[in-house]
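Q: Please take a close look at a single part of this model, and set that part in the context of the whole chain.

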Amino acid sequence: MLNFSEASERNKGHILPVLQQHLGNNSHLLEIGSGSGQHALYCAPVLSHLRWQPSELEENLNALQVNLAQEQVENIDPPQALNVFQDDWQVPPTVDAIFSANTLHIMSQDAVDAFFRGAGKILPHAGRICVYGPFRYGGRYTSESNAQFDQWLQLRDPQSGIRDFEVLNALATELGLVFVEDIAMPANNQILVWQKQ
């Protein structure tokens, strides 16, 4: 598998039950930042009521296409190029859920803002967003390892870093998204869920 992710392999089994719980009434999921496609390949066959639309930056799309083509899962759509800064995400109008894992902390804050703006724009009433990753609360890390990880991220790219829940939630609220749940996950990660009102 191209661009194989150890983190995705570890967390996919923990993420799936949360998606089952929160996306039971949804029909078409857009995954932003699909990477190797490991989450799609693991989750989509179980979430058979969902069409799963993988997406990636243009420069990463080829590896994702190769990986998905090897498996041929019936409810996974062909992956598409998507940059959150695009004015028009050009996704199917039936998309009513968004999932993204381990992306917000490698984006710039401007990209995070664009992520939520785009999500708020395309989601219909009752559409849901599920975001997996590490977050801070009240400016504090949930673990020392997350603090060290954040330091490493910012040394690599000063515009990246673990995001504050309060900042994300304020941004989501401005865009008509209501916070639903914060689910603690292994290895000091969370899944945050919002719903479009």
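How much area does the protein chain expose, and what share of it do carbon and sulfur atoms supply? Then describe helix α4 (residues 109-122).

A: The model is predicted, with local features needing pLDDT of at least 70 and side-chain atom pairs pLDDT 80 or more, while totals for chains, interfaces and linings use all residues. Residues are numbered from 1 along each chain as its sequence is written, and side-chain values use heavy atoms, without hydrogens and water.

The protein chain exposes about 9,300 Å², of which carbon and sulfur atoms supply 49% (Shrake-Rupley method, 1.4 Å probe). Of its 197 residues, 52% are buried (under 20% relative accessible area, 1.4 Å probe, protein chains only). The chain holds 6 helices and 9 strands (DSSP runs, H or I of at least four residues and E of at least two, numbered from the N terminus).

Helix α4 has 14 residues and spans 20 Å from first C-alpha to last, close to the expected 20 Å (1.5 Å times one less than its number of residues). Its buried residues are Ala111, Val112, Ala114, Phe115, Phe116, Gly118, Ala119 and Gly120. These pack against the strands β4 (97-101), β5 (128-133), β7 (163-164), β8 (177-185) and β9 (189-196), and against helix α6 (165-174).

In the chain, 72% of contacts between residues at least 6 apart in sequence join residues at least 24 apart (a contact being heavy atoms within 4.5 Å). The C-alpha atoms fill a box of roughly 40 × 40 × 30 Å along the principal axes.

How values were computed: Buried means under 20% relative accessible area, exposed over 50%, partly exposed in between (1.4 Å probe, protein chains only).
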